[in-house]
Amino acid sequence: MANITEAEIRQVVSQVLNKMQSAPSTDWDSTHYGARKFVGIYADMNDAIKAAEAGYRAVRAMSVEQREKIITEIRRLTREEAPVMAQLGVSETGMGRVDHKKAKHILVADKTPGTEDIVSNAKTGDNGLTLVEMAPFGVVGAITPSTNPSETVICNSIGMIAAGNGVVFNPHPNAIATSNYAVDLVNRACKAAGGPEVLVCSMVKPTLESAGIMQSHPSIRLLVCTGGPGVVKAVLSSGKKAIGAGAGNPPVIVDDTADIAKAGKDIIDGCTFDNNLPCIAEKEVFAFRNIADELISNMLKNGAYLINKEQADSLAKIVLEEKTSKSGKKIKTVSRDCVGRDADVLLAKIGIKVSKDIRCIICETGFEHDFVQHELMMPILPIVRVDNIDEAITLAVKAEHGCRHTAHMHSKNIDNLSRFAREVETTIFVKNAPSYAGIGFGGEGHATFTIAGPTGEGITSAKSFTRQRRCVMADSFRII
Ligand code: NAD
């Protein structure tokens, strides 16, 4: 029998320890997961920023090859620990589906661009050579949502590190353990790839106050905010360069030239992905009157459950809460107890018992119904019948509320497809596929969980987190 070297024993022990630490644990909070204490988590935002500055200095000193090594390790660990993060995300937030969250992590690992996204430009002419390089901002302050917590932290980290930045996160308080698990994963990957111990940082207890410190701190050169309208408005008023990835209310049009069986399946698949948490997911359907019955019957074949008007109205009273705004106006907001919940759990709230095979609640409504007007982020899909493409586009554009986020259409009529795409002006427009094709899941193109419509960066990637720098050499360095 061949002798086993000490190095080989160490490797086996380390693999076993890693496996043990990756096994699901019920003992976790914002500072640890099982026996593993998270690295890069601070009680004070000022300390977190200081550590992120040190991280930035370390990244600056690295070669691009070294940065890419760290990113390769982040990808590897993300794939390996996707089941743990998916489980933790659902346990902590009570939202979404473990299988889909796992798929979202794999998507981030496989399709978030790395350093290859950073491309320099050269211009030569009679007056010599001008070089334009994409430089880091420095320390980025990132605010992340509860809906894709670890996915966003990892996706942002890959892009921001590829661009040469340090990062400090102020994650959503309801998803802080899951977000900090991802921060720790990035730091573990960094160390394993020969980098510093702390590259990205986060908070033990993020608050609006810690977000405020981050927004006004002189060391933070770029703010990247992924969340609802409130937080996007806050960072855009900060006086700093900010990337805002805000809310959407993606409409779907189905006209009478579409493959209706496929449209029914695609819409339910997209709408129910992670229980409708992704901001790009189908939120309301405008179906041509002459194909609406066939569309509904195909949705029913694919795990949908049809409720009537009275049932829809009762459910609306539960999933939306009436509140009074600071200015005294009556407003409706989604109930946090209902966001991202399974369809059978939501149906049980109005006394309907169904099996777990039911993954979506559908109902016919008018345009003004709350289900059409509000971004629910639940597997509830209202269907509005329309007479023609003019009515469909007018209503779908109105339902999108000018977010310019995402819209979908199922059709084989290229005039209709082109018209809706032009008129809705969204960052993402998906034709004849489930919504997630728009972020690289079964569609071409890279993935992101930060879709910056309001500030225009679109499907963000490493180059979105860079600033241009120009270097001019007059009259020389031309080789022709
Ligand atoms: P949220 O708006 O409740 O919170 C987002 C983050 O902002 C959290 O970290 C929260 O603590 C923080 N925050 C909230 N108000 C703030 C303020 N005034 N100042 C500083 N920080 C503040 O979002 P959520 O419920 O976790 O996520 C769902 C929302 O985010 C939906 O509207 C969804 O469409 C949107 N979203 C958009 C994208 C995108 O890429 N465009 C991606 C994911 C989620």
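**Exercise 1. Determine which backbone atoms lie close to ligand oxygen atoms, and at what distances.**

Solution. Start with Gly-227, where a backbone N or O atom lies 3.4 Å from an oxygen atom of the ligand. For His-172, a polar backbone atom is 3.2 Å from a ligand oxygen atom. For Ile-451, a backbone N or O atom lies 2.6 Å from an oxygen atom of the ligand. The criterion for a polar contact is a pair of N or O atoms within 3.5 Å; within protein, one must be able to donate a hydrogen and the other to accept it, and residues adjacent in sequence count only if both atoms are side-chain atoms. Next, consider the surroundings: there are 30 residues around the ligand (a heavy atom within 4 Å of it). Of these, Ser-146, Gly-228, Arg-336, Glu-375 and Ile-451 come nearest.

The model is predicted: local features need pLDDT of at least 70, side-chain atom pairs count only at pLDDT 80 or more, and totals for chains, interfaces and linings use all residues. Residues are numbered from 1 along each chain as its sequence is written, and side-chain values use heavy atoms, with hydrogens and water left out.

**Exercise 2. Describe how helix 9 packs on helix 10.**

Solution. Take the geometry of helix 9 (residues 260-271) and helix 10 (residues 289-301): the angle is about 50° and the axes are 8 Å apart. Axes are lines fitted to C-alpha atoms, for helices over the stretch in contact, and angles run from 0 to 180 degrees between N-to-C directions. Helices are DSSP runs (H or I, at least four residues), numbered from the N terminus. Helix 9 is therefore oblique to helix 10, since angles under 35 degrees count as roughly parallel, over 145 as roughly antiparallel, 65 to 115 as roughly perpendicular and the rest as oblique. Then list the contact (heavy atoms within 4.5 Å): helix 9 contributes Ile-260, Ala-261, Ala-263, Gly-264, Ile-267 and Ile-268, and helix 10 contributes Ile-291, Glu-294, Leu-295, Asn-298 and Met-299.

**Exercise 3. State the relative orientation of helix 3 and helix 5, and identify the residues in contact.**

Solution. Helix 3 (residues 64-93) and helix 5 (residues 149-162) pack at about 175°, with axes 10 Å apart. Helix 3 is therefore roughly antiparallel to helix 5. From helix 3, the contact uses Arg-67, Ile-71, Ile-74, Arg-75, Thr-78 and Met-85; from helix 5, Ser-150, Ile-154, Ile-158, Ile-161 and Ala-162.

How values were computed:
Helix = DSSP H or I, 4+ residues; strand = E, 2+ residues; numbered from the N terminus.
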